[in-house]
Amino acid sequence: MYLIVIAWLYVTLLMGLAEAFSTQGTVLGAIITFLLYGVLPMSLVIYLGGTPLRRKERLRKAEQENPASGREPDTSSHSTGLPQSGAVSPVRKEPD
């Protein structure tokens with residue numbers, strides 16, 4: 001992933017240099033080109049690409065702080081998805 005980022009920053013650096021040394025270009029335009037086409041999008045790509053690593057690191061730290069969480073089975077006497085019998089009686093019409 002970093003190879004693509006380095007290559008794109010190289011391309012945008014050359015775009016900025018071409019604009020800076022052009023007869024109609026300016027140095028300010030070159031800096032803006034490099035920032036808006038290069039640094040800003042690649043920082044977003046690196047941030048989004050690193051999301052799974054940050055999530056794994058956060059889970060690893062949470063596991064170190066509280067090693068028993070999430071590993072104990074559910075020991076309650078309630079069923080997982082069914083309602084308790086007799087709690088609410090069904091109401092329906094009597095057949096004619």
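Contacts between residues 24 or more positions apart make up 43% of those in the chain with a separation of 6 or more. These values, like the ones below, come from a predicted model. The chain has three helices and zero strands, and its elements follow the order α-α-α from the N terminus.

Turning to the surface, 9% of the 96 residues of the chain count as buried. The accessible surface of the chain amounts to about 8,800 Å², and carbon and sulfur atoms contribute 65% of that area.

A nonpolar patch lies on this surface, and it brings together Trp-8, Tyr-10, Val-11, Leu-13, Leu-14, Met-15, Leu-17, Phe-21 and Tyr-37. Together these residues offer about 910 Å² of accessible area. Helix H1, which spans residues 2-20, supplies the largest share of the patch, with seven residues. One of the patch members, Leu-13, is a good place to pause. Leu-13 belongs to helix H1, and it is classed as partly exposed because its relative accessibility is 42%, a value between the 20% limit for buried residues and the 50% limit for exposed ones.

Aromatic side chains deserve a final look. The patch includes Trp-8, Tyr-10, Phe-21 and Tyr-37 among its members, yet the structure as a whole contains zero aromatic pairs. An aromatic ring does, however, meet a charge elsewhere in the chain: the charged end of Arg-54 is placed over the ring of Tyr-47, at 4.1 Å from the ring centre.

Key. Residues numbered from 1 in each chain as written. Predicted model: local features only at pLDDT ≥ 70, side-chain atom pairs only at ≥ 80, totals over all residues. Heavy atoms only, no water. Patch = residues over 30% accessible without salt bridge, like charges linked within 9 Å, V, L, I, M, F, W, Y side chains within 5 Å. Areas by Shrake-Rupley, 256 points an atom, 1.4 Å probe, with all protein chains shown as cover. Salt bridge = Lys/Arg side-chain N within 4 Å of Asp/Glu carboxyl O. Helix = DSSP H or I, 4+ residues; strand = E, 2+ residues; numbered from the N terminus. Buried < 20%, exposed > 50% of the residue type's maximum accessible area, 1.4 Å probe, protein only. Phe/Tyr/Trp six-rings, centres within 6.5 Å; stacked < 30°, edge-to-face > 60°. Lys NZ or Arg CZ within 6 Å of the ring centre and 35° of its normal. Contact = heavy atoms within 4.5 Å.
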